[in-house]
Amino acid sequence: MINSRRISVVLPAYNAASTLSRTVAELDRDLIDEVVLVDDASSDRTVALARELGLVPICHERNKGYGGNQKTCYRRALELGADVVVMVHPDYQYSPRLVPAMASMIAYGEYDMVLGSRILAQNSVARGMPRYKYVSNRCLTFVENIALRQKLSEYHTGLRAFSAPLLNSLPIERNSDDFVFDNQIIAQAVTAGARIGEVSCPTRYATDSSSINLTRSIRYGLGVLRTCVDYRLSQHGLRRRDYLDFEVEQLPALVARGQAADPGRRATP
């Protein structure tokens with residue numbers, strides 16, 4: 001626990017057998033109350049290895065997609081009574097050692113959501129990020145910052161922390177089951193007026209790190225741009241999107257802190 005808050009780490013796993021042991025070994029179990037691994041119908045030894053490591057994996061009978069996996073992760077963490085939920089990709093591309101720092105930023109009430117940035121305060125390409133990924137990351141982040149009126153260094157990280165009140169308040173079940181889930185949940189958090197922080201996360205790219213192919217990368221990029229358009233049109237009342245259609249009065253934790261000026265009015269960043 002950190003500041004008497006219950007901390008859950010969730011691992012959305014898919015064919016992560018080659019990296020899972022390293023990821024779990026670097027989690028500080030003295031501060032983390034539970035580790036939730038959800039396996040999305042892997043074809044390797046992910047589930048067997050998770051059990052060998054002392055975890056109790058939740059197994060999808062069929063592949064539900066990256067977003068669908070996260071939905072199961074967050075549901076289970078909240079069911080276990082987590083106050084802070086930290087998602088770590090089990091492909092060892094992100095440092096599990098940052099979990100206590102990110103959880104503390106939420107447990108002590110500074111932020112509602114924290115992102116582990118591969119861009120902030122480091123040369124990501126020099127540390128192994130493929131140049132085309134870096135360029136696309138920067139271009140999409142530039143567009144998203146304009147559309148969502150934020151100043152984040154990146155939106156595409158697989159290392160994230162959330163307060164339980166924020167997760168409980170967002171209609172994440174309405175989000176995509178695919179990779180664009182990551183961007184939709186940020187758009188929802190911004191809509192809710194959540195305080196979003198960042199920490200610098202070392203970039204790790206290895207042969208066993210997970211990566212999507214070019215076709216899915218293009219589909220993801222288009223989905224990100226669509227999310228930006230959805231957000232802007234929703235804020236101006238020109239188009240309703242189910243995943244962005246919720247009211248500030250449904251967010252008691254944020255309203256109580258005075259994050260929203262007028263209960264019942266849609267939040268604006």
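## Exercises on nonpolar packing

A nonpolar surface patch of about 680 Å² is formed by Phe 142, Val 143, Ile 146, Leu 214, Ile 218, Leu 222 and Leu 225. The model is predicted.

**Exercise 1.** Find which helices supply the nonpolar patch, and decide whether Leu 214 is buried or exposed.

*Solution.*
- Step 1. Assign the patch to elements. Helix 5 and helix 8 each supply at least two residues.
- Step 2. Find the main contributor. Helix 8 gives the most, with 4 residues.
- Step 3. Place Leu 214. This residue is in helix 8.
- Step 4. Apply the cut-off. Exposed means over 50% relative accessible area. Leu 214 has 60%, so Leu 214 is exposed.

**Exercise 2.** Describe the largest nonpolar core, then look for a separate one.

*Solution.*
- Step 1. Start from the general trend. In soluble globular proteins, nonpolar side chains tend to be buried together.
- Step 2. Pick out the hubs. The largest nonpolar core has 35 residues, and those touching the most other members are Val 10, Tyr 74, Met 113, Leu 148, Leu 170, Ile 185 and Ile 186.
- Step 3. List the elements. Those giving two or more residues include strand 2 (34-39), strand 4 (84-88), strand 5 (113-117), helix 3 (65-79) and helix 7 (181-191).
- Step 4. Find the largest share. Helix 7 provides it, with 6 residues.
- Step 5. Look beyond this core. A second, separate core of 31 residues includes Val 9, Ala 50, Val 99 and Leu 159.

**Exercise 3.** Work out what Tyr 74 touches, leaving out residues up to four places away in sequence.

*Solution.*
- Step 1. List the contacts. Tyr 74 touches Val 10, Val 85, Met 87, Phe 162, Leu 167, Ile 172, Phe 181 and Ile 185.
- Step 2. Pick out the ring cluster. Ring pairs link Tyr 74 with Phe 162 and Phe 181.

**Exercise 4.** Count the aromatic pairs and analyse two stacked ones.

*Solution.*
- Step 1. Count. There are 3 aromatic pairs.
- Step 2. Take Tyr 66 and Phe 179. They are stacked, 5.1 Å centre to centre, with 25 degrees between the planes.
- Step 3. Locate them. Tyr 66 is in helix 3, and Phe 179 is in the loop between helix 6 and helix 7, 113 residues apart.
- Step 4. Check burial. Buried means under 20%. Tyr 66, at 12% relative accessibility, counts as buried. Phe 179, at 22%, counts as partly exposed.
- Step 5. Take Tyr 74 and Phe 181. This pair is stacked too, 6.5 Å centre to centre, with 25 degrees between the planes.
- Step 6. Locate this pair. Tyr 74 lies in helix 3 and Phe 181 in helix 7, so the pair ties together parts 107 residues apart in sequence. Both Tyr 74 and Phe 181 are buried.

Methods. Residues numbered from 1 in each chain as written. Predicted model: local features only at pLDDT ≥ 70, side-chain atom pairs only at ≥ 80, totals over all residues. Heavy atoms only, no water. Core = buried A, V, L, I, M, F, W, Y, C linked by side-chain atoms within 4.5 Å. Buried < 20%, exposed > 50% of the residue type's maximum accessible area, 1.4 Å probe, protein only. Contact = heavy atoms within 4.5 Å. Patch = residues over 30% accessible without salt bridge, like charges linked within 9 Å, V, L, I, M, F, W, Y side chains within 5 Å. Areas by Shrake-Rupley, 256 points an atom, 1.4 Å probe, with all protein chains shown as cover. Salt bridge = Lys/Arg side-chain N within 4 Å of Asp/Glu carboxyl O. Phe/Tyr/Trp six-rings, centres within 6.5 Å; stacked < 30°, edge-to-face > 60°.
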